Amino acid sequence: MKILFLGDIVGNGGRAAVKAFLPGLMDEYGCEFCIVNGENSAGGSGLTGRCVQELMEAGVHVITTGDHVWDQREFAGELPRLPQVLRPANAPAVQPGRGHDVFEAPGGVKIGVVCLLGRTFVNATADCPFAAADRIVAEIRRQTPVIVVDMHAEATSEKTAMGRYLDGRVSAVLGTHTHVPTADQQIFPGGTAFQCDVGMVGSRESILGRDIEPVLQRFTTGMPARFTVNNRQIRLHGTVVTVGDDGRARGIQRVLRDMP
Ligand SMILES: [Fe+2]
Ligand SMILES: [Fe+2]
């Protein structure tokens, strides 16, 4: 089967691009299942129930998140009613929601999805993502060998380490968070597809989806600046992974689309 994974969806513009491109991409690549990282879908920071609904209506099956998951205050109350949304699995257990689950694709294949948060330069208070992965992957493999891991992290080394660590145990380890796609997609010897970062669905005339000017101001003056989202000239970055019934990846291919 083929699974489409889209990187961090940024703001209205990102959501509009998902709506515009998703049905066509699923057809064109023959994908049955779509996972997106939605941590920036509500105005660039966090998620809301309404954004989640919008993405589901566009054809998304599962939404992963990351360090921005709680940026919208009401979302902690909304998440328990949104089983398609995963918060980081290695966050403190007291947090609402869950970090992994097994879903059923329209064709009937069971797909385990895991959301992990890195600790290097991102979130030093998260539990060890490697120990969490050991526990969760063993649990999911009792139900299905088809498993996709979103490794939401800053350091390329931490993400690559997770890919190598889980090689042979999951179908794909795909990185998110930096919003910049990497060209290192490959299938590791054990059968795990890997890409350090899938990229974002956000403005190509921006700095990581934010308007350029305030970010430059912060860097050049060291003074606080409000980071606004650029919702124009959206570029969609995604990755299609082909997975066999045995859970081993057979292919990995990057996807790019520009909104007119
Ligand atoms: Fe992000
Ligand atoms: Fe992030």
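I took two strands as paired if DSSP finds at least two bridges between them. The model is a predicted one, and I kept that in mind throughout.

**Entry 1: β12 and its partners**

I began with strand β11, residues 200-203. I found that β11 pairs with β12 in the antiparallel sense, over 3 bridges. I looked up one residue here: Gly202 has Arg235 of β12 as its bridge partner.

Next I checked strand β1, residues 2-6. β1 is antiparallel to β12, and 5 bridges join them. Phe5 is matched with Thr239 in β12.

Then I turned to strand β13, residues 249-258. I counted 9 bridges between β12 and β13, again in the antiparallel sense. For His237, the bridge partner in β13 is Leu256. The two strands make a hairpin, with 5 residues between them. I noted Gly247 in that turn, with a positive phi of about 90°.

**Entry 2: how covered is β12?**

Is β12 covered on one face or on both? I went through the residues of β12, which spans 234-243, and 10 of 10 are buried. On one side I listed Ile234, Leu236, Gly238, Val240 and Thr242, all buried. On the other side Arg235, His237, Thr239, Val241 and Val243 are buried too. Both faces are covered.

**Entry 3: the six-stranded sheet**

I moved on to an open sheet of 6 strands. I read its order as β5-β6-β7-β8-β10-β9, with mixed pairing. Which strands stand at the edges? They are β5 (100-104) and β9 (186-187). Each has a single partner strand, so one side of each is left without a neighbour in the sheet.

Inside this sheet I looked at β7 (residues 147-152) and β8 (residues 172-176). They run parallel and are joined by 5 bridges. Asp150 has Leu174 of β8 as its bridge partner.

**Entry 4: helices across the sheet**

I looked for helices lying on these strands. Helix α4, residues 129-141, lies across β5, β6 and β7. I noted that α4 runs at about 170° to β6, the strand of residues 110-117.

Helix α5, residues 156-165, lies across β6, β7, β8 and β10. Its angle to β8 is about 170°.

**Entry 5: α6**

How many residues of helix α6 are buried? I checked the 10 residues, 212-221, and the number buried is 0, so α6 lies largely in the open. I used the cut-off of 20 or more other C-beta atoms within 10 Å for a buried residue. After α6 comes Gly222, and I noted that its phi is positive, near 75°.

Note on methods. Residues numbered from 1 in each chain as written. Chains lettered and ligands numbered in written order. Predicted model: local features only at pLDDT ≥ 70, side-chain atom pairs only at ≥ 80, totals over all residues. Buried ≥ 20, exposed ≤ 12 C-beta atoms within 10 Å, placed from the backbone. Helix = DSSP H or I, 4+ residues; strand = E, 2+ residues; numbered from the N terminus. Contact = placed C-beta atoms within 7 Å. Axes fitted to C-alpha atoms, helices over the stretch in contact; angles between N-to-C directions.
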